[in-house]
Amino acid sequence: MKNNIKNYLLVAIALAFAACDDPELSAPTGEVPENAQSGYTVSQISIVNTGNRSLESLVLTGSGAENFSVNLKGLITVASTAQLDFETMQGYNLTATATSTKGDTVSGSVNINILDVADVVPIISGFKASLPEDTPQGSLVGQITVNDTGDSQIQTYRVSDSGRFYVTNTGEVRTNITLDYEQQIQYNFSVYAISAAGESNKVNVELTVSNIADVIPWIMGFDTSVNKNIKIGSVIGKVSIEREGDSPISKFTISEPDAFEVSLDGVVTTKTLLDKSSYALEVVVTNTAGTDTGLVQITVNESFNINFINGHSVSDIDSDGDLDVIDVLATNGEVQWHDNQGNNQFITHSLPFTSQLVFAQDMDNDGDTDIVSRDGSDIVIYLNDGNQNFTESQRITRDYGFHYDSNGIYLADINSDGRIDIIAAWMGQDWYKNEEDGSFTRLPLSSRGKDIIAFDIDLDGDMDFIESDNNVFWHENNGSQAFTAHQLSDDDIGGASSYSIDIDNDGDIDIVSTRRWTNGIDLYVNDGLQNFSKILVSMSNNSGYTYATDIDNDGYIDVLNGTVWYKNDGYNNFIKQPALSLDNQTLVNLANK
């Protein structure tokens, strides 16, 4: 009712009051828009040939005459009470009557046509749609449905989110941007159709953006060191998955698949015995979006030995390719080296020093196996000259000594620099950093347990340690040799000796520990996130040191405590077996597993 007002023709009515002629009246057809307001000029009546006569009145009569007013000057306008509606009445046929002061009258027809003005707005419907991300700018989202155009044609459309969408004159909703799932998943906006009558009803368009995998995973490799004789199937470490991406990881691959394999959660294990001094491995992770690569650096220590079985160290002392045994006589502290000749034959050599406990490892990285001894309150390093002649190199004196029934020391590369460090337990634990010049720097640890071992418990590439005392703790290395303690036992049963290995073959590191204050052996099962649940292995008397390996070659890790072993049935149920005779060959066989 506001637009498209058509031009109108004035109604010209000629009234003649000639003194000598009869009056005449002529009236052409006029037009007026239906939305014309009060006072709107419709036409003008012209008075001609009036002579000396004056016009006394001028009126309109007929059906609908009330919609119009006329004054003595002949101006026809829309009346204040007018109700013009093209849909109801398209025109009026009226009579105009003029009367002079002499009483003369003249009449004529006045035809007024009502012009249609659009005043019925369109009625439309919205929709819901879905498009994949990366849909380009200008793509079709959907079509607005026109249920009723109203009484005029739709001229254009208006959209509330005009920065990101637009609507064509035919009602197609299209994108004004490239869709990105990571930026926005859903859009809701309003659309209006515009005609001469005005805006239509508001309708909603809902667009859901579906994800297309375009974020690759992100992984971090690790550096670690292992011993050359590490068992097949041993865990080397775990690739850290910093970001999984926006689709599931489908696979891991490793650059030397004959020697190593990597699980879907990034755990790297050995497939063969290691025959190189070092490995630089590329681990590639894949998801639908693509790949990422992490580097795993493995240093293989020729004489790195973690086989400490019931007080015996098992290592290749003379570098002849087979494992020997070193132990201490309980009667006088004599250190004996049992040289493996093969075929269960050993030649025993007495070494020129005494000890309470010995460990065999290459401390100076010269390719042969040295000996670290616990001698009273001291830690003594004996270096091998390559011909199995051992000379005292350093003696480290500790103020508090060691607990009488524990190993008290453990050897491992704590700071991942390729050199073997020493951890010492009891009444103020320390670790002694092996420097490049062969000296050792004392560094404190935040614990005081009587027994200690080192292992990468969380498989993040650095060395953690396990403390056994009134309770059992594992201490998490942050990578810079700052350790956070996590308590495992919660009932003050104490811990006498511990060992770490993947007991249940699920790719993470579990812990087996003997109790200190009561009889019993406990297994702490790792869920992979270093949450440990306790399983009782045995309530029998415990003695000596704890070790774990597959003793009966059935594929399941068994537990050895002293000379008694407990068979794992594959479900972490342990059945006590007859004691082993831990002769030299049995110790070598256990270390080779």
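This is a short walk through a predicted model, stop by stop, with a suggestion of what to select at each one.

**Stop 1: a three-stranded sheet**

Start by selecting residues 41–44, 68–70 and 75–78, which are strand 4, strand 7 and strand 8. Together these three strands make an open, antiparallel sheet in the order 4-8-7. Strands 4 and 7 stand at the edges with a single partner strand each, so one side of each has no neighbour in the sheet. Turn the view and you can follow the twist: neighbouring strands here are rotated by 20° against each other on average, direction ignored. Now zoom in on strands 7 and 8, which are joined by three bridges in the antiparallel sense. Show Val 70 and you will find its bridge partner, Ile 76, in strand 8.

**Stop 2: strand 17 and its partners**

Next, select residues 172–175, which are strand 17, and show the side chains. Which of them are buried? Val 173 and Thr 175 point to one face and are buried, while Glu 172 and Arg 174 point to the other face and are not.

Add residues 140–143, strand 13, which runs antiparallel to strand 17 and is joined to it by three bridges. Across from Val 173 you will see Gly 142. Then add residues 165–167, strand 16, also antiparallel to strand 17 with three bridges. Here Tyr 166 stands opposite Arg 174. Strands 16 and 17 form a hairpin with four residues between them, and Gly 171 in the turn has a positive phi of about 90°.

**Stop 3: aromatic rings and an arginine**

Stay with Phe 165 and add Tyr 187 and Phe 189: the three form one aromatic cluster. Then show Arg 158 and Tyr 192, where the charged end of the arginine sits over the tyrosine ring, 4.1 Å from its centre.

**Stop 4: Ser 195**

Move to residues 186–195, strand 18, and pick out Ser 195. Is this serine buried or exposed? Ser 195 counts as buried, because its relative accessibility is 4%, and the cut-off for buried is under 20%. Its side chain makes a polar contact of 3.4 Å with the side chain of Ser 152. Leaving aside residues up to four places away in sequence, Ser 195 also touches others, including Val 120, Pro 122 and Ile 154.

**Stop 5: two aromatic pairs**

How many aromatic pairs does the structure hold? There are nine, and two are worth a visit. Select Phe 260 and Tyr 279 to see an edge-to-face pair, 5.0 Å centre to centre with 80° between the planes. Phe 260 belongs to strand 26 and Tyr 279 to strand 28, so the pair ties together parts that are 19 residues apart in sequence. Both rings belong to buried residues: Phe 260 has a relative accessible area of 1%, and Tyr 279 comes in at 3%.

Now jump to Tyr 499 and Tyr 547, a tilted pair with 4.9 Å between centres and 50° between planes. Tyr 499 lies in strand 47 and Tyr 547 in strand 51, so this pair links parts 48 residues apart in sequence. Tyr 499 and Tyr 547 are buried as well.

**Stop 6: a four-stranded sheet**

Finish with the open sheet of four strands in the order 43-44-45-46, paired antiparallel. Select 451–455 and 483–487 to see its edges, strands 43 and 46; each has a single partner strand, so one side is left without a neighbour in the sheet. The twist from one strand to the next averages 25°. Strand 43 is joined to strand 44 (464–468) by five bridges, and Phe 455 stands opposite Asp 464.

Conventions:
Residues are numbered from 1 along each chain as its sequence is written. This is a predicted model: local features need pLDDT of at least 70, side-chain atom pairs count only at pLDDT 80 or more; totals for chains, interfaces and linings use all residues. Side-chain values use heavy atoms; hydrogens and water are left out. Two strands pair if DSSP finds at least two bridges between them. Helices (H or I, at least four residues) and strands (E, at least two) are DSSP runs, numbered from the N terminus. Axes are lines fitted to C-alpha atoms, for helices over the stretch in contact, and angles run from 0 to 180 degrees between N-to-C directions. Buried means under 20% relative accessible area, exposed over 50%, partly exposed in between (1.4 Å probe, protein chains only). A polar contact is a pair of N or O atoms within 3.5 Å; within protein, one must be able to donate a hydrogen and the other to accept it, and residues adjacent in sequence count only if both atoms are side-chain atoms. Contact means heavy atoms within 4.5 Å. Rings of Phe, Tyr and Trp (its six-membered ring) pair if their centres lie within 6.5 Å; planes under 30 degrees apart count as stacked, over 60 as edge-to-face and the rest as tilted. A charge sits over a ring if NZ of Lys or CZ of Arg is within 6 Å of the ring centre and within 35 degrees of the ring normal.
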